[in-house]
Structures are given as C-alpha cells and as structure tokens.
Amino acid sequence: MSILIVQGSSNPNGNTATIVKMLADKLNAEVLDLTTKNILPFDYQFKNQEDDFNSTAHDIFDRFDTIIFASPVYWYTMSGIMKNFIDRLTDGLLYDKALGQKYENKNMAAIACGSSQMTIEGYFIPFQKSATYLKMNYLGDIHSWIDEANVISSVAEKRLHAFTQLF
Ligand SMILES: Cc1cc2nc3c(=O)[nH]c(=O)nc-3n(C[C@H](O)[C@H](O)[C@H](O)COP(=O)(O)O)c2cc1C
C-alpha cells in the first residue's frame with residue numbers, strides 16, 4: 001500500500017507534526033506538509049489555477065492509493081489550510097475532470113490532533129462524508145494529542161498503534 005500523510009497544521013513543527021512523524025515511520029508513509037504549498041481557496045471562476053493545487057493533487061492521486069489527512073483541531077474542526085485543500089478537490093469535479101477521475105477507489109483516513117484526550121464531537125464527519133461522495137474508501141480515523149511534557153503519552157501511543165493496523 002502506498003501511503004501519503006497530508007499534514008495540515010499551520011505549524012510545520014508542531015503537535016500534529018510530532019504525531020505525523022511517528023506514524024509515517026511506522027507506516028513507511030510519505031508526508032506532504034501543506035505549509036510548503038501555495039494552495040488558494042476554492043474559486044468559482046477557477047482563477048486560482050496557477051497555484052500549487054493542480055500539480056500537487058495530480059501527483060498525490062497518481063502516486064498513492066491511500067491518503068491520510070492529519071489536521072490539528074482548530075475551533076472544533078479541521079485547520080483552514082486543510083479545509084482549503086479539501087475544498088479544492090471540487091476542482092476535480094467541476095473543472096479538471098482528469099483529476100476527478102483519479103479519486104474513485106482510493107483510500108482515505110483521518111487524524112485529529114487536539115489539545116487533550118477529549119475527542120471533538122463530529123470532527124470526522126466531513127472526512128467520512130467527503131470520502132463517500134468522492135467514491136473513496138474510508139478506512140478510519142483517530143483523535144490524538146500531545147501531553148504537557150510535549151511527548152506522545154502511552155495511552156495515545158497505544159491508540160496510534162491500533163490505528164496503524166488499519167493499513
Ligand atoms: C486557532 C486554534 C484553534 C484551536 N481550537 C481548539 C479547539 O477548538 N479545541 C481544542 O481542543 N483545541 C484547540 N486548539 C489547540 C490545538 O488543537 C492543539 O494545541 C493542537 O495540538 C495544535 O496542533 P499544531 O501544533 O499542529 O497546530 C486550537 C489551537 C489553535 C491555534
């Protein structure tokens with residue numbers, strides 16, 4: 001299975017990155033840090049086609065069969081840069097149909113990284129429903145966190161290990 005983890009934190013070296021690094025090692029996955037890309041918000045006139053979305057999305061769907069979206073919890077939902085990326089998948093449905101044809105039958109999973117062990121109600125619904133809409137297989141999700149000592153707790157680590165068994 002070729003796995004890509006799309007890291008959607010505004011902090012390339014923050015808590016989400018710590019979780020992503022650990023999982024990428026365990027899963028032998030590649031990581032794409034969205035802060036390294038210029039991905040503009042969705043535009044009904046598609047005047048944003050000179051940004052990095054098109055080349056990035058084609059590359060992702062050409063090279064990987066499994067995409068894990070890893071986002072911090074920002075105001076009870078995914079980060080803005082992650083939402084921009086997911087919104088832009090719409091380009092593949094409305095404008096760049098060659099891209100949209102690559103979505104079907106790919107696998108999706110999601111990771112939340114919050115400030116504590118407390119899960120966020122409904123956090124994963126947009127990922128689950130988007131996967132269904134895009135005819136992708138949704139493999140599962142996990143809420144994670146980094147404890148006050150800036151490390152992954154043994155409780156979180158056990159859950160993350162269970163998450164890796166999905167792939
Ligand atoms: C803009 C912003 C909004 C946040 N909103 C929430 C929230 O709604 N619930 C929560 O538990 N933590 C919230 N947090 C805390 C982050 O989820 C938490 O610190 C996370 O581990 C940060 O990951 P990062 O270092 O990758 O950004 C918020 C943090 C920021 C910066």
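Here are three short exercises on salt bridges and a pocket, each with a worked solution.

This is a predicted model, where local features need pLDDT of at least 70, side-chain atom pairs count only at pLDDT 80 or more, and totals for chains, interfaces and linings use all residues. Residues are numbered from 1 along each chain as its sequence is written, and side-chain values use heavy atoms, with hydrogens and water left out.

**Exercise 1.** Find what joins Asp51 and Arg88, and say whether the two are buried or exposed.

*Solution.* Start with the rule: a salt bridge is a side-chain nitrogen of Lys or Arg within 4 Å of a carboxyl oxygen of Asp or Glu. Asp51 and Arg88 make one, with 2.7 Å from N to O. Next, look at where they sit: Asp51 is in the loop between strand S2 (30-33) and helix H2 (53-63), while Arg88 is in helix H3 (residues 80-88), 37 residues apart. (Helices are DSSP runs of H or I with at least four residues, strands are E runs of at least two, and both are numbered from the N terminus.) Last step: both residues are buried, where buried means under 20% relative accessible area, exposed over 50%, and partly exposed in between, with a 1.4 Å probe and protein chains only.

**Exercise 2.** Work out how Asp59 and Arg63 are placed in helix H2, and which network they belong to.

*Solution.* First, the contact: Arg63 and Asp59 form a salt bridge whose closest N and O atoms are 3.1 Å apart. Then count along the chain: they are about one helical turn from each other because they lie four residues apart in helix H2. Now check the surface: Arg63 is partly exposed, at 40% relative accessibility, and so is Asp59, at 35%. Finally, zoom out: a network of salt bridges links Glu30, Asp59 and Arg63.

**Exercise 3.** Describe the largest pocket by volume, lining and residue class.

*Solution.* On a 1 Å grid over the protein atoms alone, a pocket is an open set of points where a 1.4 Å probe fits, with protein on both sides within 12 Å along at least five of seven lines; lining residues have an atom within 4 Å of a point. The largest pocket has a volume of about 170 Å³. Its lining includes Lys83, Asp87, Thr90, Ser130 and Tyr133. The elements giving two or more residues to that lining are H3 and helix H6 (125-133). Sorted by class, the lining holds six nonpolar, two polar and two charged residues.

Key: Points joined across faces, edges and corners; volume = space filled by probe spheres on them. Nonpolar A, V, L, I, M, F, W, Y, C, P; charged D, E, K, R; others polar.
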